[in-house]
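Please follow the account below with the sequence and the coordinates side by side. It begins with the cysteines, then turns to the sheet, the helices and the nonpolar cores.

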Amino acid sequence: MRVLIGGGSGFVGRELTRLLRHKGHEVTLISRQPGPGKITWAELESHGLPPCEGAVNLAGENLMNPLRWWNESYKKDLFSSRIDTTKSMAQAIAASSSPPHSWVLVSGVACYKPSLTAVYTEDSEWTPFDILSQLVKEWEASARLPEDVTKSTKQVVIRSGAVLGRDGGAMKQMLLPFWLGLGGTLGSGGQPFPWIHVADLAGIIAGSLEPPAAPTSPSPQVLNGVAPALSTNLEFTKELGRVLRRPTVFPVPGFVMNAVMGSERAVVLLQGQKVVPKRTQEAGFVYRYPDLASALKEIVGS
């Protein structure tokens, strides 16, 4: 299978590329810079979709970029980097004389309203309530294909939690303070923490790229890309400290997080949602890292 990946040079993209190539698939990346095995976004728009059986978009400015202040310019980049790239790929698929059989978008669980009690599945209804949920709405809408194209192309949306792995994502910024014994809970620590190991997210994407077994639907199939174990920030903190054999006695107050990150962004870490991968498991996906103990042990190399 030939697979086209937008944003494939990032953390999740590197893992997905390794997995697909290991399975014998051919991968082409869409990148800002040309190179072997790559096309540019400008080439996609001018020359159209290259021959492929599967397409994925992972592109988007890092929400937790520590080098970016939370301001209007950064918010604009968060929207445009996701929506513009997704639109470009969807339009190229729609215009292709031989569109891929699968089109996958990885978005996020920020569409679900933070709650200590509500449990969200892929069937849960939602409406935008803040800037990040509005982003998810516009992002997912930009991936929709015309109805005539959906007769031959399966649409899948994977709503990912925080992605954990060795060489990027949420762990990259957390490991140093925890190694130094300076780790601790964020805010109260009681907030839900939806997460997934990068290898499992790559596996869910790869499975979604397989040819459809049943007639395709005009509406996208939605999968929650989270681990099946429901966890809190406190549980994550204690487990990471245990695996690293380090104390976790330095909590970060919520007002500090709001001041440093901006309250609209800090909400991702200070509040959370209980998200269950109901359809993901019903589809038969088997997690390699279903709980924090197995995931963190692999990540820190114990």
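In this predicted model, the number of disulfides is zero when the criterion is a pair of cysteine sulfur atoms within 2.5 Å. Two cysteines may be considered individually. Cys52 has 6% relative accessibility and Cys111 has 1%. Because buried means under 20% relative accessible area, Cys52 counts as buried, and Cys111 does as well.

The sheet provides the framework for the rest of the description. It is open and consists of seven strands in the order β3-β2-β1-β4-β5-β7-β10, with parallel pairing. β3 (38-40) and β10 (221-225) stand at the edges; each has a single partner strand, so one side of each lacks a neighbour in the sheet. From one strand to the next, the twist averages 20°.

Strand β4 (residues 54-57) merits closer inspection. Its pairing with β1 is parallel and spans four bridges, and Gly6 stands opposite Asn57 of β4. Toward β5, β4 is again joined by four bridges, and these two strands run parallel. In that pairing, Gly54 faces Ser102 of β5, while Asn57 is opposite Leu105 of β5. Where do the side chains of β4 point? Gly54 and Val56 point one way from the strand, Ala55 and Asn57 point the other way, and all are buried.

The connection from β4 to β5 involves helix α3 (residues 72-95), and the three elements make a right-handed β-α-β unit. Helix α3 packs on the sheet, where it touches β1, β2, β4 and β5, and its direction makes about 165° with that of β4. Helix α6 also packs on the sheet, touching β4, β5, β7 and β10; its direction makes about 170° with that of β7.

The nonpolar interior can now be placed on this framework. The largest nonpolar core has 25 residues, and Leu16, Ile158 and Ile205 have the most contacts inside it. At least two residues of this core come from each of β1 (2-6), α1 (11-22), β2 (26-31), β5 (102-108), β7 (154-160) and α6 (198-208). The greatest contribution is that of α6, with six residues.

Ile158 illustrates how these elements meet. Leaving aside residues up to four places away in sequence, Ile158 touches Val104, Leu105, Val106, Ser107, Leu201, Ile204, Ile205, Ser208, Leu223 and Gly225. A second, separate core contains 22 residues, among them Trp41, Ala59, Ile93 and Leu105. Leu105 is thus a member of the second core, a contact of Ile158 and the residue opposite Asn57.

Conventions: Residues numbered from 1 in each chain as written. Predicted model: local features only at pLDDT ≥ 70, side-chain atom pairs only at ≥ 80, totals over all residues. Heavy atoms only, no water. Core = buried A, V, L, I, M, F, W, Y, C linked by side-chain atoms within 4.5 Å. Buried < 20%, exposed > 50% of the residue type's maximum accessible area, 1.4 Å probe, protein only. Contact = heavy atoms within 4.5 Å. Pairing = 2+ DSSP bridges. Right-handed = clockwise from strand over helix to strand, strands pointing away. Axes fitted to C-alpha atoms, helices over the stretch in contact; angles between N-to-C directions.
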